[in-house]
Protein chains: 2
Amino acid sequence: MGNLTIKDIAKVAGVSYSTVSRALSGAPGISSATRERILKICDEKGYRANALARSLINKKTNVLGLIVPEVTNPFYSELSLEIETYARELGYNIMLCNSLNDHERTDELFNFLLSHRVDGILHASSRIYSADMLKNYSSSIPFILIGTAPAECNSILNTISTDNYEGGRIAAKYLLSLGHRDIFYMGYRKGSTSHQLRLLGFNSVMENAGLKPVILENPSNGSSISRGYDLCRKIFSKPFRQTAMFAATDSMALGALQAAEEYHISIPGDLSLLSYDNTIFSSLPGISLSTVDQRKQALAHAAVDLMMHLIEHPYNDQHTHQLISPSLVLRNSCRELTSGT
Amino acid sequence: MGNLTIKDIAKVAGVSYSTVSRALSGAPGISSATRERILKICDEKGYRANALARSLINKKTNVLGLIVPEVTNPFYSELSLEIETYARELGYNIMLCNSLNDHERTDELFNFLLSHRVDGILHASSRIYSADMLKNYSSSIPFILIGTAPAECNSILNTISTDNYEGGRIAAKYLLSLGHRDIFYMGYRKGSTSHQLRLLGFNSVMENAGLKPVILENPSNGSSISRGYDLCRKIFSKPFRQTAMFAATDSMALGALQAAEEYHISIPGDLSLLSYDNTIFSSLPGISLSTVDQRKQALAHAAVDLMMHLIEHPYNDQHTHQLISPSLVLRNSCRELTSGT
DNA sequence: TAGTTTGTTGAAAACGTTTTCGAATTCATT
DNA sequence: AATGAATTCGAAAACGTTTTCAACAAACTA
């Protein structure tokens, strides 16, 4: 393509190309007369600086890598839009990649981003990664895990996540406050640190009240609607005494709704349903789930802010672990238990 | 950062750096013995080629720009995941940008992508752009509009879209086949060429049957749930004789559901609802919309395939306009009208 | 007037690759 | 043993920028 270079501009302006560079970068050491003149020529000719050459010499691309499991998951699409918008305000662009929750692919993406010399990598994931993998990632570039890392990684990793322990507590407290005593905890995923903490928080409140939830474990790798559906079908097909259910994600909750419809279980009439995530799903008409909000915007801002800090202070070995406090969003899927059981 | 270069590798291997380059690129003119030796060293030392330098000299980045209105819109998130996955298979990476349907921002993004010397730009949008703007985009780089352009742009632009005219026809035929005669067309957006065609197709079938739909126009810029809700509230608040409604997008249909719930209008009992898009929304439990599928995967493949062609044949002035045939997906939001009115 | 400072510009090196060209080595052929 | 072809490699230019350094002119100081 006939892309103009700085030399072409220099030729028509009758100056050396270093002068053009100075005019464009706003560097000092050039008279404002020639600067104006050169900028005008650039504008007329439609010159566009080559970001590759610029980055090559500056050792700075102003691009951040963002790895998410899947943009089709509303939680991650909402998060990534927040991150992109805020990063752009600060002069950074986002290279968005879908890991599909696959280790091998994640590795590939990581290498891709590194060879493109992005200035930093944000990795959003609820999956548990091996310490080795995370260590490898974190050692070569400013790196932030949006999510919860295994404890052994805390000294080598920056993390930002919602306070899942607190989120679990909030959920349990709310259900107890409505008078529920027999409660399902549906969709617990062993392979996710954030899920572990969420359950721990939930249990801590329950134990305090001398109670225990019935845990329905999700054996698979991701939280999909169909998994929630499968789990709930099993228990809805027989009578049960529980009056409330906490679903570990919005997707799981949707699956529960589907199963409830099939078995003519009214929500919240027969069963109160509390969810976690506050994605667009939970506010849909006919759904209207009460849910624990992960505050994606706060998460996004904190992540980008920290990334800016890491980029500006590359030799800082401190690793931070920020927790964003979740909040409760009430809609119409939970009801107070009337005293007569 | 201590990033290794080709020269570092050359030094430890005791060869010139051109030899290392040859080993890495798989070029001929090097003995397999030294190649093996060099590759082993690269592996051990963790060398990662600098894609910027490579692209600078090759004039090829293997990156495609993708501009969508918002990833949080399920239609675009599903489309972009399909595009990313397929492009990656073909050795290309995607730089995903959200235009937020804003002209100025779109221009910025476009300039950003150009200065990063992406190999091509895919622009997904249902918004009508000025011919000048599109001309400008299309002239400087392989460019594909995923959507429908104004007719005057056909000679300067490559486009790929679902056949909206046919989609409109399919929708109308289906509703007629169920016996409906009085029909709402809800959510028509003047500012979108694809919406215009959709309506044209719909009307062509209706006229043939001597009928006319009642058009509820969406005056705003995007199709959101709340707009559909607003439109439907107005008409649901009074009695109406229509027995079916076609919603121009899934989001609009969700708004209709919400309004219907509020006014105790049963769907499909009192009103059959047919939608357009087949996003994940339409298959959600308790929603289950019959809808016209835009076949996002076919769309994505066609777009990427065409882009590959454009990149390989840069001096081809032919402009193509591919249409993907939509298909009907039946769920539970439409019912057959019993003959006794 | 000579010397010093200040302001403006150009030449050239650098960033990390790929690729062209020519030189050196190996190997077969006579 | 000498010639030629084939193979393997290194030197250097190129990609489009930024930045350092030196050169030069103009303006000030004494």
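What volume does the second largest cavity have? In this predicted model, the second largest cavity has a volume of about 70 Å³, and it is one of the enclosed spaces that can be followed through the two chains, where the count comes to four cavities of 30 Å³ or more.

The lining of this second largest cavity draws on both chains, with A:Thr72, A:Pro74, A:Ser77, A:Glu78, A:Ile280 and A:Phe281 among the chain A residues, and B:Thr72, B:Pro74, B:Ser77, B:Glu78, B:Ile280 and B:Phe281 among those of chain B. Helix H5 (74-89) of chain A and helix H5 (74-89) of chain B each supply at least two residues of that lining. Sorted by class, the lining of the second largest cavity holds six nonpolar, four polar and two charged residues; the charged members are A:Glu78 and B:Glu78.

The largest cavity, to which the reader may now turn, has a volume of about 160 Å³ and is lined by 15 residues, of which A:Leu52, A:His116, B:Leu52, B:Met95 and B:His116 lie nearest its centre. Here, too, helices of both chains take part, since helix H4 (51-58) of chain A and helix H4 (51-58) of chain B each contribute at least two lining residues, while the largest share of the lining, three residues, comes from H4(B). By class, the lining of the largest cavity has nine nonpolar and six polar residues but no charged ones, whereas the lining of the second largest cavity includes two charged residues.

How values were computed:
Residues are numbered from 1 along each chain as its sequence is written. Chains are lettered from A and ligands numbered from 1 in the order in which they are written. This is a predicted model: local features need pLDDT of at least 70, side-chain atom pairs count only at pLDDT 80 or more; totals for chains, interfaces and linings use all residues. Side-chain values use heavy atoms; hydrogens and water are left out. On a 1 Å grid over the protein atoms alone, a cavity is a set of points where a 1.4 Å probe fits but cannot get out, and a pocket is an open set with protein on both sides within 12 Å along at least five of seven lines; lining residues have an atom within 4 Å of a point. Grid points are joined across faces, edges and corners, and a volume is the space filled by probe spheres set on the points. Helices (H or I, at least four residues) and strands (E, at least two) are DSSP runs, numbered from the N terminus.
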